[in-house]
Amino acid sequence: MANKKIQSALISVFYKDNLEPIIAQLKAQGVKIYSTGGTQKFIEEQGAEVIPVEELTGYPSIFGGRVKTLHPKIFGGILHRRDHEGDISQATEFGIPAIDLVIVDLYPFEETVASGASEADVIEKIDIGGISLIRAAAKNFKDVTIIASKAQYGELEERLKAQDGATTLEDRRYFAAQAFQVSSNYDTHIFNYFNRTENIPALKISESKSKGLRYGENPHQAAHFYGDLEELFDQLNGKELSYNNLVDVDAAVALIAEFKEETAFAILKHTNACGVALADSVKEAYQKAFAADTTSAFGGVLITNKNVDLAAAEEMHSLFFEVLIAPSFDEDALALLKGKKNRILLRQKIQIEGTKQIKTLLNGIIEQDKDLQTETKADFKVVTKVSPSDEEQNALVFAAKICKHTKSNTIILSNSNQLFASGVGQTSRVDALRQAIEKAKSFGFELKGAVMASDAFFPFPDCVEIASKEGITAVVQPGGSIKDQDSIDFCDARGMSMVMTGVRHFKH
């Protein structure tokens with residue numbers, strides 16, 4: 001039958017929240033209820049009669065609760081086919097009652113791992129009976145309704161109320177699909193916990209929180225975000241984040257994380273920084289970042305690592321921008337910035353701690369470690385006769401941080417606290433440098449005394465030759481070309497300093 005009236009139920013849950021209305025409905029319908037331990041007590045407190053699982057199986061809960069429901073009378077009651085003569089005959093022979101509804105909520109494994117609990121405590125939160133009940137009931141969805149998570153309590157309540165205590169075949173198939181999502185997600189997190197040390201070459205990803213986006217990169221592309229944005233941000237104003245917003249926000253958060261103590265501000269467009277600056281205040285840092293490219297800043301993503309006060313808010317309020325991210329906002333600053341209803345304001349609550357990057361490629365998936373290495377002065381190897389001054393070294397560190405987060409091929413021109421210009425995503429490093437020089441000049445920057453950072457080595461001395469003509473005095477690059485010496489010799493001939501890091505930062 002497509003519609004099945006629920007006559008018996010097995011309920012064994014970790015979370016009892018919002019279970020009361022379901023118990024009330026089952027009680028009103030005269031449903032026979034089987035249960036265990038704490039759940040049994042909870043149901044009895046609702047005034048419903050309960051048959052203890054131990055009474056059905058003839059066995060008590062054993063091994064500290066590790067074995068409660070693992071018994072043929074339980075699994076036979078769930079798995080036997082109601083339209084199969086042999087199954088019905090055996091169920092009668094062995095006194096196995098039909099179970100029409102299973103409500104299970106698994107032990108909180110993910111939450112226990114996230115809490116930093118000991119391995120012994122984590123292992124005890126690997127649910128065995130619950131996960132087995134879920135799979136059994138979902139397999140037999142033709143006859144059994146499975147509720148595998150507290151998130152589905154409300155949906156079950158609505159269906160039972162609307163259908164006089166019955167479920168349709170479509171209902172049961174839907175809940176079975178939800179149940180297998182719960183079980184596969186659960187097993188994925190258990191595997192990934194063990195694989196932190198075992199390093200089995202297998203990629204398991206499961207994210208049960210999802211959000212439909214208006215569209216993808218373009219309006220004809222559908223898109224979803226899988227993850228928990230609320231863990232990272234409080235959205236204080238504005239429209240929903242789009243696919244492109246999220247890509248830019250990810251780039252902005254990664255860039256600003258490079259600056260720990262300094263007051264930093266960055267403006268990004270299409271994941272590349274068009275302005276980055278350090279200053280004594282957020283207002284001043286914004287002004288300097290904006291000055292680097294007043295054209296590209298329009299419609300950009302703004303981010304700072306310090307509190308946004310009213311002075312800073314007043315300075316940036318006149319600019320049209322998509323997103324502003326900060327760790328905090330003064331109330332008067334927030335009130336002003338909210339004056340544009342579509343402007344997205346995000347309060348960043350935590351730093352992103354992921355160490356892997358994954359994307360689809362061809363007919364598969366590629367995965368790599370995130371580029372978490374950032375060079376400091378201690379990593380610089382001076383390869384020229386002239387060493388960079390302290391101020392130039394500070395500038396080289398600053399430029400290298402920005403270079404790391406810019407699309408290859410890239411060249412960064414800056415001083416120690418302000419991005420002058422960047423050449424991004426070019427097919428040759430010379431093109432990237434020429435683009436950066438032209439852009440810096442168009443916004444009125446004097447390059448004499450500036451520094452240059454490159455994301456990869458110079459295959460020829462042409463880039464340092466061009467830089468020298470513009471008055472650039474110091475260069476940072478990874479090195480590694482068979483013609484490194486040509487660039488070094490040119491710098492020596494012109495009194496320029498060059499440091500090598502030995503670390504390439506391609507970003508494709």
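**Close-up views of a predicted model**

**View 1. A474 sits opposite S497 of β23.** Everything here comes from a predicted model, where local features need pLDDT of at least 70 and side-chain atom pairs count only at pLDDT 80 or more, while totals for chains, interfaces and linings use all residues. Residues are numbered from 1 along each chain as its sequence is written, and side-chain values use heavy atoms, with hydrogens and water left out. β22 and β23 run parallel and are joined by 4 bridges; two strands are said to pair if DSSP finds at least two bridges between them. Helices (H or I, at least four residues) and strands (E, at least two) are DSSP runs, numbered from the N terminus. Strand β21 (residues 451–454) also pairs with β22 in parallel, this time over 3 bridges, and there M452 faces V475. Which residues of β22 are buried on its two sides? A474 and V476 are buried on one side, V475 and Q477 on the other; "buried" means under 20% relative accessible area, "exposed" over 50% and "partly exposed" in between (1.4 Å probe, protein chains only).

**View 2. Helix α19 (residues 484–494) has D484, S487, I488, F490 and C491 as its buried residues.** Looking down the axis of α19, these residues fall within an arc of 160 degrees, so they line one face of the helix; the arc is taken from the directions from the helix axis to the C-beta atoms. What do they pack against? The buried residues of α19 meet α18 (462–469), β22 (474–477) and β23 (497–500), with contact meaning heavy atoms within 4.5 Å. Right after α19 comes G495, with a positive phi near 75 degrees.

**View 3. Two β-α-β units both use β22: one is β21, α18 and β22, the other β22, α19 and β23.** The β21-α18-β22 unit is right-handed, and the β22-α19-β23 unit is right-handed too. Right-handed here means that, with the strands pointing away from the viewer, the path from the first strand over the helix to the second runs clockwise.

**View 4. A399 is tucked into helix α16 (residues 390–404).** A399 counts as buried because its relative accessible area is 0%. Leaving out residues up to four places away in sequence, A399 touches I412, S414, V451 and A453. The C-alpha atoms of A399 and N417 are 8.8 Å apart, though 18 residues separate the two along the chain.

**View 5. An open sheet of 5 strands with parallel pairing runs in the order β4-β3-β2-β5-β6.** Its edge strands are β4 (51–52) and β6 (145–147), each pairing on one side only. Strand β3 (residues 32–35) joins β4 in parallel through 2 bridges, and Y34 has I51 as its bridge partner in β4. Helix α9 (residues 153–162) lies across β2 (8–13), β5 (101–105) and β6, at about 160 degrees to β5. For that angle, axes are lines fitted to C-alpha atoms (for helices, over the stretch in contact), and angles run from 0 to 180 degrees between N-to-C directions.

**View 6. N140 sits in the loop between α8 (129–139) and β6.** Is N140 buried or exposed? Its relative accessibility is 7%, so N140 counts as buried. The N140 side chain reaches the backbone oxygen of I78 at 2.8 Å and that of H80 at 3.3 Å. Setting aside neighbours within four places in sequence, N140 is in contact with I78, L79, H80, R81 and R82.

Key
A polar contact is a pair of N or O atoms within 3.5 Å; within protein, one must be able to donate a hydrogen and the other to accept it, and residues adjacent in sequence count only if both atoms are side-chain atoms.
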